[in-house]
Amino acid sequence: MRRWMMAASVLVASFFCISGVGHAHQERPNILFIFCDDLAYQAMSCYGDERRLLETPHMDRLAREGMRFDRCLVTNSICGPSRAVVLTGKYSHLNGFYNNTNSRFDGSQVTFPKLLQASGYATAIIGKWHLVTDPTGFDYWHILPGQGVYYNPPMIDNGRRVKHEGYTTDIITDLCLEWLKNRDRSKPFLLMCHHKAPHREWAPALRHLGWDNDRKHAEPPTLFDDFAGRSRAVRDHDMGLDRTFTDRDAKLIPPPGMTPEQLEVWNAYYEPRNQKFREANLKGKDLVRWRYQRYMHDYLGCVKAIDEGVGRLLDYLDQEGIANNTIVILSSDQGFYLGEHGWFDKRWIFEESLRTPLLVRWPEVVKPGSVDNHLVSLLDIAETLLDAAGLPVPDDMQGRSLMPLLRGEAPQDWRKSFYYHYYEYPVPHHVRPHYGVVTERYKLVHYYKPDIDEWELLDRQVDPYETKNFYNDPAYADVVRELHAELERLRNEVGDTREPPRSAYGNRPFDGEQR
Ligand code: CA
């Protein structure tokens, strides 16, 4: 790999010699990668969810001026593993980061920021990192330790511990703007702006408390899914609004680390409403309905602050006159359940957690307002950005550059199926390890561990909310047979044929300082 990198840098150097360094730098695009944590496409108005939960004008601007990908899938629907996939362009079983419980990112492996940095990009990551070891490949890193907190966050500034006062989403945006203003303008840049929001426990900014005027948010049709006919793996979940939602999730307890002044504003909003809730003594479905409404106020309120931050960053690119040659990507480490199946959280191969939002604006290349329906993935990000910067993509990266799609082409040989593998079990949400194959219409899923060996077939065409299992339906026998064969082909293709190490499931928690 080292030999490959040397070859790459020679190639890049000779490119500059031919074209002249200053000129080449101007031509290579800047990259602003805005990555949210647990952002559901259902919460973005540009994705047109039937519930119309929230208006996100600045994200919508990105979609209007760029390309919206409607089927961007993750390989392992959980925070740290998805981040490792983005950096490496490789599945968990190759990049080594399987779960959030005891995985540590091996920072010596090849990542796309390292390759961009070696080719002359200024590189920075600001915000959530969550890969335990120190970031590598960045000139500047200023990260939250672990999950981070919503108010007054301690952060790590290139290895030095610092403490900020304020709301974390705003602080991350401020730090990004500060870095952009002070950057080395002789180089193109890669800035990874990684929000903590809207991760659990969904604490909105003070200015957004009551943003919805106590509106009743539309409920998803599957809020009270009874999981009839589904695998025991699905029924045994621990991510339900009915069973898992804590007092902190419900804001019956305020978030940690607030100043007395912040807490006063916080309590002025929540306390009268919490008092009413306690007096009502809700049970059963009424309690779930109350929790759903509280969850939507809080979760969507967090998204509002991200959206405002996106607006501020886009304004800066305009003011600086660099919008045309800056690739702006907005995405999330996975999707999220906003009450579908009665759930919050992620992890499953099912649509809301498998699909993640992906918007790409690049005025020099992408036709404004375009929509792409190909099966794409966070696995493709590294390859895409290397390709966009004119760099070769290492052979062992497993995704594919999205550049043809961004140019509006429809390659005949684009993937028609996709491989998925989730590991972390039993904590924190009791989602059993599973792998499967995803096509435009179907999903074939195997729950294989530790006390279970069950299959499900989902058919999005006849069952768009994914509430039924067709695996044993004789009418689907041919489909099941074909998908088994396709799953085996994919497992061989991506090299996931061996038993994962025991540590992959995270059953031995990591103890020690986390980044
Ligand atoms: Ca996440």
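I began with a word I needed: a residue counts as buried when its relative accessible area is under 20%. I kept in mind that this model is predicted.

**Entry 1: the calcium ion**

I looked up cysteine 79 and found a relative accessible area of 0%, so this residue is buried. Aspartate 38 also comes out at 0%, so it is buried too.

Which residues coordinate the calcium ion? I noted Asp37, Asp38, Cys79, Asp333 and Gln334, with donor atoms at 2.2 to 2.7 Å. Asp333 appears twice in the list, each time through OD, while Cys79 gives its SG. Along the chain, the donors follow the spacing D-D-x40-C-x253-D-Q. I then traced one pair that links distant parts of the chain: aspartate 38 lies in the loop between strand S1 and helix H3, and cysteine 79 is in helix H4, 41 residues apart.

Next I checked the angles. The 6 donor atoms subtend 53 to 162°, which makes the arrangement irregular.

**Entry 2: helix H14**

I moved on to H14, residues 477-494. Its 18 residues should span 26 Å at 1.5 Å a residue, and I found its end C-alpha atoms 26 Å apart, which agrees.

Which residues of H14 are buried? My list reads Val479, Val480, Leu483, Glu486, Leu487, Leu490, Arg491 and Val494. Looking down the helix axis, I saw them fall within an arc of 140°, so they line one face of H14. On the other side, Arg481, Glu482 and Asn492 are exposed.

I also asked what covers the buried residues of H14. The cover includes helix H5 and strands S12, S13, S14 and S15.

Last jotting: just after H14, glycine 495 takes a positive phi of about 80°.

Key. Residues numbered from 1 in each chain as written. Predicted model: local features only at pLDDT ≥ 70, side-chain atom pairs only at ≥ 80, totals over all residues. Heavy atoms only, no water. Helix = DSSP H or I, 4+ residues; strand = E, 2+ residues; numbered from the N terminus. Expected span 1.5 Å × (residues − 1). Buried < 20%, exposed > 50% of the residue type's maximum accessible area, 1.4 Å probe, protein only. Arc of directions from axis to C-beta. Contact = heavy atoms within 4.5 Å. Donors = N, O, S within 2.8 Å, 3.2 Å for Na, K, Ca; no water. Tetrahedral: all angles 85-135°; square planar, octahedral: opposite > 155°, others 65-115°.
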